[in-house]
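Reader: I am new to reading structures. Could you show me one and explain the terms as we go?

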Amino acid sequence: EDSSATVDLDYNGKPLEIMGNGSTATNPMNPTIIDANSLDRIFHGKCGNGAWYVSITGVTLTDGCANGGGCTSNGPGGYPAAGGAIYHNCASQFYMDDVEISDCRGSQGGGLAVCAAPALTSVLTNLWIHDNTALSGGGGIVAHTTFTIADSVIEGNAVTGFGTRGN
């Protein structure tokens, strides 16, 4: 779904900066948590005209489901879209720092799908991507472009259908 009608925030062609108080990993007493309650993915980036800037920092993203109508199963057809928390399909500057992505589901990239070809600059640091599920590859992350991940932990993600890449 492309109209932000359920839970997801569709960003397209304009700068987006999300600045939270910290993820549960770095600020366990007072984190910023965005919980999609299995209704939809959390952020949906689509290509617009020209280059722009996306920055997401200091948040925990949880229980996202790339289905647009909610997830009710983990079988074939249960998650028809990629990127349970974030689907980023934009040639833009894309930054994430101090972000936890957990318990999300998608067809590919249970937590995060970066599908831009190519992104101008993508730097992901201080991430904790865990306990996400995909049907066919990239339980935690799937990428169809090149980007940098540094100082991050990617663990405990799973692929439940066909495919062999769990994290």
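Author: What follows goes through sheets, rings, burial and cysteines in turn. This is a predicted model, so residues are numbered from 1 along each chain as its sequence is written, local features need pLDDT of at least 70, and side-chain atom pairs count only at pLDDT 80 or more. Totals for chains, interfaces and linings use all residues, and side-chain values use heavy atoms, with hydrogens and water left out.

Reader: How do you know that β6 and β9 pair?

Author: Two strands pair if DSSP finds at least two bridges between them. Strands are DSSP runs of E, at least two residues long, numbered from the N terminus. Strand β6 (residues 86-89) and strand β9 (residues 112-114) have three bridges, in the parallel sense. So they pair. Ile86, for instance, has Leu112 in β9 as its bridge partner.

Reader: Which sheet holds these two strands?

Author: An open sheet of five strands, in the order β1-β4-β6-β9-β12, with parallel pairing. The twist averages 10° from one strand to the next. That angle is taken between axes, which are lines fitted to C-alpha atoms, and runs from 0 to 180 degrees between N-to-C directions.

Reader: What makes β1 and β12 edge strands?

Author: Each has a single partner strand, so one side of β1 (9-12) and one side of β12 (141-143) is left without a neighbour in the sheet.

Reader: What holds strands of a sheet together?

Author: Strands pair through backbone hydrogen bonds, either parallel or antiparallel.

Reader: How many bridges join β11 and β15?

Author: Two, in the parallel sense, with β11 at residues 133-134. The definition asks for at least two, so they pair. Thr133 stands opposite Ala158 in β15. Both strands belong to an open sheet of three, in the order β8-β11-β15.

Reader: Which strand is joined to β7, and by how many bridges?

Author: Strand β10 (residues 121-130), by nine bridges, and the two run parallel. Gln93 stands opposite Thr121 in β10. β10 also pairs with β13 (residues 148-150) over three bridges, and with β14 (residues 153-155) over three bridges.

Reader: Why are Tyr53 and Tyr95 called a tilted pair?

Author: Rings of Phe, Tyr and Trp (its six-membered ring) pair if their centres lie within 6.5 Å; planes under 30 degrees apart are stacked, over 60 edge-to-face, and the rest tilted. Here the centres are 5.7 Å apart and the planes stand at 45°, so the pair is tilted. The count comes to one aromatic pair. Tyr53 lies in strand β5 and Tyr95 in strand β7, 42 residues apart.

Reader: Are these two tyrosines buried, exposed or partly exposed, and what makes them so?

Author: Buried means under 20% relative accessible area, exposed over 50%, and partly exposed in between (1.4 Å probe, protein chains only). Tyr53 has 30%, so Tyr53 is partly exposed. Tyr95 has 25%, so Tyr95 is partly exposed too.

Reader: Why is Ser122 called buried?

Author: Ser122 has 7% relative accessibility, so Ser122 counts as buried. Ser122 is found in strand β10. Leaving aside neighbours within four places in sequence, Ser122 is in contact (heavy atoms within 4.5 Å) with Phe94, Phe147 and Thr148.

Reader: How do you know that Cys104 forms no disulfide?

Author: A disulfide is a pair of cysteine sulfur atoms within 2.5 Å. The closest cysteine sulfur to that of Cys104 is in Cys65, 8.9 Å away, so the two are too far apart for a bond. The structure holds zero disulfides. Cys104 has 0% relative accessibility, so Cys104 counts as buried.

Note on methods. Helix = DSSP H or I, 4+ residues; strand = E, 2+ residues; numbered from the N terminus.
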